[in-house]
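Dear colleague,

I am passing on the structure we spoke about, with the sequence alongside. Please look it over before reading my notes underneath.

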Amino acid sequence: MASAMKAMDANRYATKKTIAQGMLDIALLTANASQLKYILQVGEQHQFYKLMLILISLSIVMQLLVGILFVAIGSLNINKQQDQTAAIILNDIILVVVFVISVVNVIISGFGIEYSSQPLKLIDQHAKVP
């Protein structure tokens, strides 16, 4: 029975892993796009508008960078010695960037993108209170 099993193809495994990571990246990118839309709709009324705008934009840019690196690493054949070195370096870069993206998104969550079933109420700052 053991002889009937195929040897694991490391290149195929790495390709599937890269595709799975890419799918997770797309999910986070979609969430950040939604957060960006929300913060732009609320505008300066949000207590941390500028910070949130910068963090969400930074997260999106880094995710696009990781996507480009995924395409680059996905084109490598790790069965070739020269591609193995490049794959290790790209993997390390991706790991660091994904870690930074995670930290940025934890900070984004901490500063409150709040979704509500209530419509956004604009406050007229010039209205006199009785």
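What follows is a description of the fold, then of the core, and then of one helix and one residue in it.

Please bear in mind throughout that this is a predicted model. The protein has 3 helices and 0 strands, and read along the sequence it follows the pattern α-α-α. Of its 130 residues, 26% count as buried, while the accessible surface comes to about 9700 Å², of which 66% belongs to carbon and sulfur atoms. Among contacts between residues at least 6 apart in sequence, 72% join residues at least 24 apart.

Turning to the interior, the largest nonpolar core has 19 residues, and the members that touch the most others are Ile56, Val66, Ile73, Ile94 and Ile108. Two elements, α2 (49-74) and α3 (81-110), each give two or more residues to this core, and α2 gives the most, with 10 residues. In soluble globular proteins, nonpolar side chains tend to be buried together. Ile73 is a useful place to begin an inspection: once residues up to four places away in sequence are set aside, Ile73 touches Thr18, Ala87, Leu90, Asn91 and Ile94.

The helix α3 deserves a closer look. Its 30 residues should span 44 Å at 1.5 Å a residue, and because its end C-alpha atoms are 44 Å apart, the expectation and the model agree. The buried residues of α3 are Asp83, Ala87, Leu90, Ile94, Val97, Ile101, Val104, Asn105 and Ile108. An α-helix has 3.6 residues a turn, so residues three or four places apart point the same way. After α3 comes Gly112, whose phi is positive, near 80°.

Which residue of α3 does the side chain of Asn32 meet in a polar contact? The partner is Asn105, which lies in helix α3, and the contact joins the two side chains at 2.9 Å. Asn105 counts as buried because its relative accessibility is 12%, which falls under the 20% cut-off. Leaving aside neighbours within four places in sequence, the residues in contact with Asn105 are Leu28, Asn32, Gln35, Ser59 and Gln63.

If you open the model yourself, I would suggest viewing Ile73 with its contacts, including Leu90 and Ile94, and then Asn105 with Asn32, where the side chains make the polar contact described above.

With best wishes

Notes
Residues are numbered from 1 along each chain as its sequence is written. This is a predicted model: local features need pLDDT of at least 70, side-chain atom pairs count only at pLDDT 80 or more; totals for chains, interfaces and linings use all residues. Side-chain values use heavy atoms; hydrogens and water are left out. A nonpolar core is a set of buried Ala, Val, Leu, Ile, Met, Phe, Trp, Tyr and Cys residues joined through side-chain atoms within 4.5 Å. Buried means under 20% relative accessible area, exposed over 50%, partly exposed in between (1.4 Å probe, protein chains only). Helices (H or I, at least four residues) and strands (E, at least two) are DSSP runs, numbered from the N terminus. Contact means heavy atoms within 4.5 Å. The expected span of a helix is 1.5 Å times one less than its number of residues. A polar contact is a pair of N or O atoms within 3.5 Å; within protein, one must be able to donate a hydrogen and the other to accept it, and residues adjacent in sequence count only if both atoms are side-chain atoms. Accessible areas come from the Shrake-Rupley method with a 1.4 Å probe; for residues, only the protein chains shown count as cover.
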